[in-house]
Structures are given as structure tokens and as C-alpha cells.
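Let's take a walk through a protein fold together. Have the sequence and the 3D view ready, and follow along as we go from the surface to the inside.

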Amino acid sequence: MRFEILFLGKTKEIYLATGIAEYAKRLARYTAADIRTLKEKRINRGESENVLIEKDSEILLQSVQGSYLVCLDRSGRQMDSLELAAQIERWEMQGQKKITFVIGGPLGLSPAILTKADLVLSLSPMTFTHEMTRLLLLEQLYRAGTIKAGEKYHK
């Protein structure tokens, strides 16, 4: 099984980009992971933020064909690290080949993409920037790898 992680727009904060690169490298020890940064749309004069959310979500939907889709959203299901590791094991047992994690831009994801998701996942009841969410997701996927391997990191 491989992970695909889709971001809208580049990570601008250097400390977050460094952390993302570090956890992507660590995660590679446990599973293949492709991180793709997609170009986000801009708001045209007279357009609402909702139009931008829809445009960004269309870009993301075009990129996830044939994959098990996990959207990150504050309205999603919360899991602790052990539950996430168990969920990943279930996906493996079900024969899932690719799990695509989608993180929206600063305005989030549209209801259209959230309804197409196989799982809507929330990392916390707190709100994080979309750039911080990238780092937190990678860290949790790495932690799940250590849990599944019976290593100490997760304690």
C-alpha cells in the first residue's frame, strides 16, 4: 500500500517545510508516500470565497481517481494514534493499494469533495493552519508506522 498526500499550494513557512521533509523521509521507512503540491486557484474580482473553495476542490478531485480518499476537515472523525494505526492495518487487510490524503487550502474543502470522501478525518478539535496540518498528518502517519512495527516512538 502506498500513501499519496495532496496539498494545495506550496508550504511557505520554512520551519514547516523542513518538518514535512523530515517526516516524509522517516515515513519512507514504513511505506511509500508521494507528496504532491497542486497549484491553488486565486479569487477573481467579484468571486466569493465559496467559488474559490469549489475551484480548489475540483483540482483535488481530478487528482484522486481510483484511490481510497481521505479528506482532512475539522468536521471529520477523530482518532488517536493507535486507532489510526489500526485503520491503516484494516486498509491493508482490505487490499487497498493507494490511500490519498487531501488537505485543502486556507479556506478548506468544499462539501462536494467531502461527500465523495471514503473517510473524513479530523486531527484535533482545535483548528490548525493548512500548512501545519500537512506536518501533523505526516507525523501521525509516521507514528502509525512505528506503532505497527512495535517500535517505541509512539509512547
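Start at Phe-128, which sits in the loop between strand S5 (119-122) and helix H5 (130-149). Keep in mind that what you're looking at is a predicted model. Is Phe-128 buried, partly exposed or exposed? Its relative accessible area is 30%, so Phe-128 counts as partly exposed. Phe-128 also has company: together with Tyr-15, Met-126, Met-132 and Leu-136, it makes a nonpolar surface patch of about 470 Å².

Now zoom out to the whole chain. There are five helices and five strands, and from the N terminus on they run β-α-β-α-β-α-β-α-β-α. Of the 155 residues, 46% count as buried.

Next, pick out the beginning of that pattern. Strand S1 (residues 2-8) pairs with strand S2 (residues 32-38) in the parallel sense, over seven bridges. Want one pair to click on? Glu-4 has Asp-34 in S2 as its bridge partner. To get from S1 to S2, the chain passes through helix H1 (residues 14-27), and this β-α-β crossover is right-handed.

Time to look inside. In soluble globular proteins, nonpolar side chains tend to be buried together. Here, the largest nonpolar core has 27 residues, and Val-70, Trp-91, Phe-101 and Leu-141 are the ones with the most contacts inside it. Which elements supply at least two residues each? They are S1, H1, strand S3 (68-78), helix H3 (81-93), strand S4 (98-103), S5 and H5. H5 gives the largest share of this core, seven residues.

Back toward the outside, let's check two more residues. Arg-77 belongs to strand S3, and with a relative accessible area of 40% it is partly exposed. Thr-115 is part of helix H4 (residues 111-116). Because its relative accessible area is 66%, Thr-115 counts as exposed.

Both of these residues also show how folding brings up pairs worth comparing along the chain and in space. The table gives the C-alpha to C-alpha distances.

| Pair | Apart in sequence | Apart in space |
|---|---|---|
| Arg-77 and Pro-125 | 48 residues | 9.9 Å |
| Thr-115 and Cys-71 | 44 residues | 9.6 Å |

Try finding each pair in the sequence, then in the 3D view: Arg-77 and Pro-125 are 48 residues apart in sequence but 9.9 Å apart in space, C-alpha to C-alpha.

Key. Residues are numbered from 1 along each chain as its sequence is written. This is a predicted model: local features need pLDDT of at least 70, side-chain atom pairs count only at pLDDT 80 or more; totals for chains, interfaces and linings use all residues. Side-chain values use heavy atoms; hydrogens and water are left out. Two strands pair if DSSP finds at least two bridges between them. Helices (H or I, at least four residues) and strands (E, at least two) are DSSP runs, numbered from the N terminus. A crossover is right-handed if, with the strands pointing away from the viewer, the path from the first strand over the helix to the second runs clockwise. Patches are made of residues with over 30% relative accessible area and no salt bridge: like charges are joined within 9 Å, nonpolar side chains (Val, Leu, Ile, Met, Phe, Trp, Tyr) within 5 Å. Accessible areas come from the Shrake-Rupley method with a 1.4 Å probe; for residues, only the protein chains shown count as cover. A salt bridge is a side-chain nitrogen of Lys or Arg within 4 Å of a carboxyl oxygen of Asp or Glu. Buried means under 20% relative accessible area, exposed over 50%, partly exposed in between (1.4 Å probe, protein chains only). A nonpolar core is a set of buried Ala, Val, Leu, Ile, Met, Phe, Trp, Tyr and Cys residues joined through side-chain atoms within 4.5 Å.
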